[in-house]
Amino acid sequence: MAPPLHATALVLFASTTSPAVPLMAAVPVASRDGRVAPVAPPDRCDALIARLLPAGHWPPSQWRPLHRRAWMPLALPSLLLLLPAGVLVWRFGTPGWLALLAVPVFVAMAMLHARHAGYSVQGELVAIRSGWLSRRWRFAELDKLQVIRLSQSPLQRRLGMASLL
């Protein structure tokens with residue numbers, strides 16, 4: 001059984017060696033989607049991250065971009081829509097063009113996602129950022145990693161890429 005929402009942040013703070021950073025009323029209660037500080041300003045979140053990850057340097061000074069072709073595997077599902085969109089154009093004419101026009105929009109979104117994603121390895125901290133409209137950051141301390149999975153799809157092999165999970 002999962003711990004109650006209010007216990008999530010308390011467990012997180014209890015496992016750190018440094019005292020908790022006061023973050024108004026947002027810190028002691030986690031939101032339903034697992035966020036520890038759902039309404040804190042960015043500078044307060046940075047202070048919280050610095051306390052929770054004392055071995056790391058936050059924010060990272062250098063983000064590394066993803067592979068230059070990282071957008072291609074992200075855009076592949078939308079490219080697979082070309083055939084059904086073509087059938088809609090053939091069958092329904094003008095209204096079917098709307099489905100066909102969605103494909104370049106999805107490809108552009110994949111390109112934006114890949115352009116704004118990145119990673120950083122500094123000291124004992126690995127950080128990953130993603131999202132171009134809504135930003136997300138994930139971190140892990142290297143000495144606390146237990147499992148690392150390397151995954152490579154046929155398209156990633158062809159492009160010379162792999163995913164580290």
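Which residues does Gln-122 touch, not counting residues up to four places away in sequence? In this predicted model, Gln-122 touches His-57, Pro-60, Ser-61 and Gln-62. Gln-122 belongs to strand β2. With a relative accessible area of 18%, Gln-122 is buried, because buried means under 20%. The surroundings of this residue are described below, after an outline of the chain.

The protein chain has 165 residues, and buried residues make up 26% of them. Its secondary structure comes to 6 helices and 6 strands. Along the sequence these elements follow the pattern α-α-β-α-α-α-β-β-β-β-α-β. Of the contacts with a separation of 6 or more, 45% are accounted for by residues 24 or more positions apart.

Four of the strands form an open sheet in the order β1-β2-β3-β4, with antiparallel pairing. One side of β1 and one side of β4 are left without a neighbour in the sheet, because these strands stand at the edges and each has a single partner strand. In general, the strands of a sheet pair through backbone hydrogen bonds, either parallel or antiparallel. Between β1 and β2 (residues 118–122), the antiparallel pairing runs over 2 bridges, and Pro-65 stands opposite Gly-118 in β2. The pairing of β2 with β3 is also antiparallel and counts 5 bridges; here Tyr-119 has Ile-128 of β3 as its bridge partner. Strands β3 (residues 125–130) and β4 (residues 136–141) are joined in the antiparallel sense by 6 bridges, and Leu-125 is matched with Glu-141 in β4.

Both hairpins contain a glycine with a positive phi. In the hairpin of β2 and β3, 2 residues lie between the strands, and the phi of Gly-123 is near 60°. The hairpin of β3 and β4 has 5 residues between the strands, and the phi of Gly-131 is near 95°.

In a regular strand the side chains alternate between the two faces of the sheet. Strand β2 shows alternation of this kind: Gly-118, Ser-120 and Gln-122 point to one face and are buried, while Tyr-119 and Val-121 point to the other and are not buried.

The largest nonpolar core has 5 residues, namely Ile-49, Leu-53, Trp-58, Leu-125 and Ala-127. In soluble globular proteins, nonpolar side chains tend to be buried together. Two members of this core, Leu-125 and Trp-58, were examined through their contacts, leaving aside neighbours within four places in sequence. Leu-125 is in contact with Leu-53, which is also a core member. Its other contacts are Gly-56, His-57, Ser-120, Phe-139, Ala-140 and Glu-141. Glu-141 is thus listed as a contact of Leu-125 and as its bridge partner in β4. His-57 appears both among the contacts of Leu-125 and among the residues touched by Gln-122.

Trp-58 is placed in the loop between α2 (42–52) and β1 (64–65). The relative accessible area of Trp-58 is 17%, so this residue counts as buried, the limit being under 20%. Trp-58 is in contact with the core residues Ile-49 and Ala-127. Further contacts of Trp-58 are Asp-46, Trp-63, Trp-137 and Phe-139. From Trp-58 to Asp-46 the separation is 12 residues in sequence and 7.0 Å in space, C-alpha to C-alpha. Phe-139 is a contact of both Trp-58 and Leu-125. The count of aromatic pairs comes to 0.

Helix α5 (residues 94–116) has 23 residues and reaches 35 Å from its first C-alpha to its last, close to the 33 Å expected at 1.5 Å a residue. Its buried residues are Gly-96, Val-103, Val-107, Ala-110 and Ala-114. The elements covering these buried residues include α3 (71–79) and α4.

Helix α4 spans residues 82–92 and contains Val-87. Val-87 is partly exposed, with a relative accessible area of 44%. Val-87 and Ala-99 are separated by 12 residues in sequence and by 10.0 Å in space, C-alpha to C-alpha. Arg-91 lies over the face of Phe-92, at 5.4 Å from the ring centre.

How values were computed. Residues are numbered from 1 along each chain as its sequence is written. This is a predicted model: local features need pLDDT of at least 70, side-chain atom pairs count only at pLDDT 80 or more; totals for chains, interfaces and linings use all residues. Side-chain values use heavy atoms; hydrogens and water are left out. A nonpolar core is a set of buried Ala, Val, Leu, Ile, Met, Phe, Trp, Tyr and Cys residues joined through side-chain atoms within 4.5 Å. Buried means under 20% relative accessible area, exposed over 50%, partly exposed in between (1.4 Å probe, protein chains only). Contact means heavy atoms within 4.5 Å. Two strands pair if DSSP finds at least two bridges between them. Rings of Phe, Tyr and Trp (its six-membered ring) pair if their centres lie within 6.5 Å; planes under 30 degrees apart count as stacked, over 60 as edge-to-face and the rest as tilted. A charge sits over a ring if NZ of Lys or CZ of Arg is within 6 Å of the ring centre and within 35 degrees of the ring normal. The expected span of a helix is 1.5 Å times one less than its number of residues.
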